[in-house]
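Work through the following exercises with the sequence and the model at hand. Each task is followed by a solution in steps.

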Amino acid sequence: MALCTTAALGVTPALPARAAQAAPAADATPAPYAFASDAGTVQGATGTTDAARLEPGHTYRSTLPAVGKLYYRLDLDATTNAYVSATAVPRAGAQVSASDGLRVSVQDADGTTCSSGTTHFGPTQSPHPVAAWAARETGPGSYGCKDAGVYYAVVERRDLSGSATGAWDLELDYVSEPSLRQPDATATTPPGAWNSATPDALLGDPVRRPGGAGFATASALGQGVWQDAIRPGQTLFYKVPVDWGRQLSATAELGSSPGDSPGDGYVGTALAMALYNPVRGHVDDATTGYSGAQTSAALTPLPPVAYANRHAAGERTSGMRFAGWYYLAVHLGAPVAQRFGNGPFGLTLRVRVGGTATSPPAYAGWSAPRDVFRVTAADREEAVVGTPGGGGGEGTAAAGYRDSHTMTAVAVGGIGTGTALVLVLAVWTAAARRRARSRWAA
């Protein structure tokens, strides 16, 4: 994705592409955060006068100093909703407390705050990527900040402990959402009753699916049981396509400590799983302690995805306002290594997508990026067969088909290697698509 801004605005061209981060080797340190390969570098300004302009649909890299705020400019019309998220990535050797974190605000030209969001590293007391978001909304039910004009995204550190040192790297993501084609009274009414019962545990043999090292390289997951390995201090990213009307639930299970680990003591908050929506807005968290025995952390039941959720109180409901990719960021606290060794530790994710898909809202235009609030057939297939070019691991549908049809190539060998390969690939693809549709229709 090419950037249209210029160096005069403080923005440099996109960085070279990076390969997806693979799971670390047994003697390796956790992989660094994987920034988007098409992210340009933007210099945050210390005041509004020199703030560089961000373009919707683009991702940027920046640097957040230990003290002070950074400003970025948004040029907005009177109808479009704008969402800006910032992912803070502490550098190697950084020290953080549970109360340290990140705050993002959107302000108008008169200094009025349209919205703000704050996130903290939490009780793992372990430095890891965390994201916060803010918005300028113009739709029915919103007040203020609705005029066309210049706005500013403001990013700052939250250092309540007073111990902040060293700069953090930033990944900025800017998404626009069009207005509705016609006013809709139901779009301003917060959701009423919904199925808030905890779903039954999803059972079945797990499928290996290594997580990514950032939002941009998150591994796609569909409904199912997925398995990975994680080390203390590491954060793994996964993404799940959730359509309008569908309801997401997820549980992360940390396996018992490896046989050669000390296995002594208890870590109060060891495993943390954060859920982010398609604009990287924080929705919810789940955490658990660790004593060396297997343990789990499950998200509290979430409402079905609906446009009107944005008018509800609290992130857990208002964050479920879009269809699209929802992100699970799973972090294993660094203190686990002191009690139970460097691992790796087994990680199992149980992902369920329930409910019935509904029609999307009647948008008056397109979002930027264009398909960020849609779940396409390609998204559903990716969730079954794995993320192209990264992540690794075949989904159950593809793996099952491959294992039960290993001899197909031999059977058709007489009609030529090239022709046989084309036929096998065609049949494999069709089967994977059928199974993806049947799984997501459940």
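## Exercise 1: A five-strand sheet

Strand β7 (residues 101-108) and β10 run antiparallel and are joined by eight bridges. The model used in these exercises is a predicted one.

Task: find which residue of β10 stands opposite Arg-103, then state the strand order of the open sheet and which strands stand at the edges.

Solution.
1. The residue of β10 that stands opposite Arg-103 is Glu-156.
2. The open sheet has five strands in the order β3-β5-β10-β7-β8, and its pairing is mixed.
3. At the edges stand β3 (52-53) and β8; each has a single partner strand, so one side of each is left without a neighbour in the sheet.

## Exercise 2: The disulfide

Task: locate the disulfide, give its handedness, and decide for each of its cysteines whether the residue is buried or partly exposed.

Solution.
1. The structure holds one disulfide.
2. Cys-114 and Cys-145 are its two members, with an S to S distance of 2.2 Å. This falls within the 2.5 Å cut-off for a disulfide.
3. The pair links distant parts of the chain, 31 residues apart: Cys-114 belongs to strand β8 (residues 113-120), while Cys-145 sits in the loop between β9 (130-136) and β10 (149-158).
4. The disulfide is left-handed because the torsion about the S-S bond of Cys-114 and Cys-145 is about -90°.
5. Buried means under 20% relative accessible area. Cys-145, with 12%, is therefore buried. Cys-114 has 24% relative accessibility and so counts as partly exposed.

## Exercise 3: A second open sheet

Task: give the order of the open sheet that contains β13, name its edge strands, and describe how β17 pairs with β18.

Solution.
1. The order of this five-strand open sheet is β13-β15-β20-β17-β18, with mixed pairing.
2. Its edge strands, β13 (219-220) and β18, each pair on one side only.
3. Within the sheet, strand β15 (residues 235-242) is joined to strand β20 (residues 324-332) by eight bridges, and the two run antiparallel. Lys-239 stands opposite Tyr-327 of β20.
4. Strand β17 (residues 267-276) pairs with β18 over seven bridges in the antiparallel sense. Here Tyr-276 is opposite His-282 in β18.
5. β17 and β18 form a hairpin, with five residues between the strands. In the turn, Arg-280 has a positive phi of about 65°.
6. Although β18 is an edge strand, seven of the nine residues of β18 (residues 282-290) are buried, so the strand is largely enclosed by the rest of the structure.

## Exercise 4: A helix across the sheet

Task: state which strands α3 lies across, list the buried residues of α3, and describe the phi of the residue that follows.

Solution.
1. Helix α3 lies across β13, β15 and β20, and runs at about 135° to β15.
2. In α3 (residues 377-385), the buried residues are Asp-379, Glu-381, Glu-382, Ala-383, Val-384 and Val-385.
3. Gly-386 follows α3 and has a positive phi, near 110°.

## Exercise 5: The surroundings of Glu-177

Task: decide whether Glu-177 is buried or exposed, and find which side chains make polar contacts with its side chain.

Solution.
1. Glu-177 lies in strand β11 (residues 168-177).
2. With 0% relative accessibility, Glu-177 counts as buried.
3. The side chain of Glu-177 makes a polar contact with that of Tyr-83 at 2.9 Å. A polar contact of 2.9 Å also joins the side chains of Glu-177 and Arg-310.
4. Not counting residues up to four places away in sequence, the residues touched by Glu-177 include Thr-80, Asn-81, Tyr-307, Phe-322, Tyr-363 and Phe-373.

## Exercise 6: Nonpolar cores

Task: state how many residues the largest nonpolar core has and which of them have the most contacts inside it.

Solution.
1. The largest nonpolar core has 50 residues.
2. Met-273, Leu-275 and Leu-328 have the most contacts inside this core.
3. Among the residues that Met-273 touches, leaving out those up to four places away in sequence, are Ala-250, Ala-286, Leu-299, Leu-328, Val-330 and Leu-349.
4. Another core, of 29 residues, lies apart from the largest one; Ala-52, Tyr-72, Val-106 and Trp-168 are among its members.

How values were computed. Residues numbered from 1 in each chain as written. Predicted model: local features only at pLDDT ≥ 70, side-chain atom pairs only at ≥ 80, totals over all residues. Heavy atoms only, no water. Helix = DSSP H or I, 4+ residues; strand = E, 2+ residues; numbered from the N terminus. Buried < 20%, exposed > 50% of the residue type's maximum accessible area, 1.4 Å probe, protein only. Pairing = 2+ DSSP bridges. Polar contact = N/O pair within 3.5 Å; in protein donor to acceptor, adjacent residues only side chain to side chain. Contact = heavy atoms within 4.5 Å. Axes fitted to C-alpha atoms, helices over the stretch in contact; angles between N-to-C directions. Core = buried A, V, L, I, M, F, W, Y, C linked by side-chain atoms within 4.5 Å.
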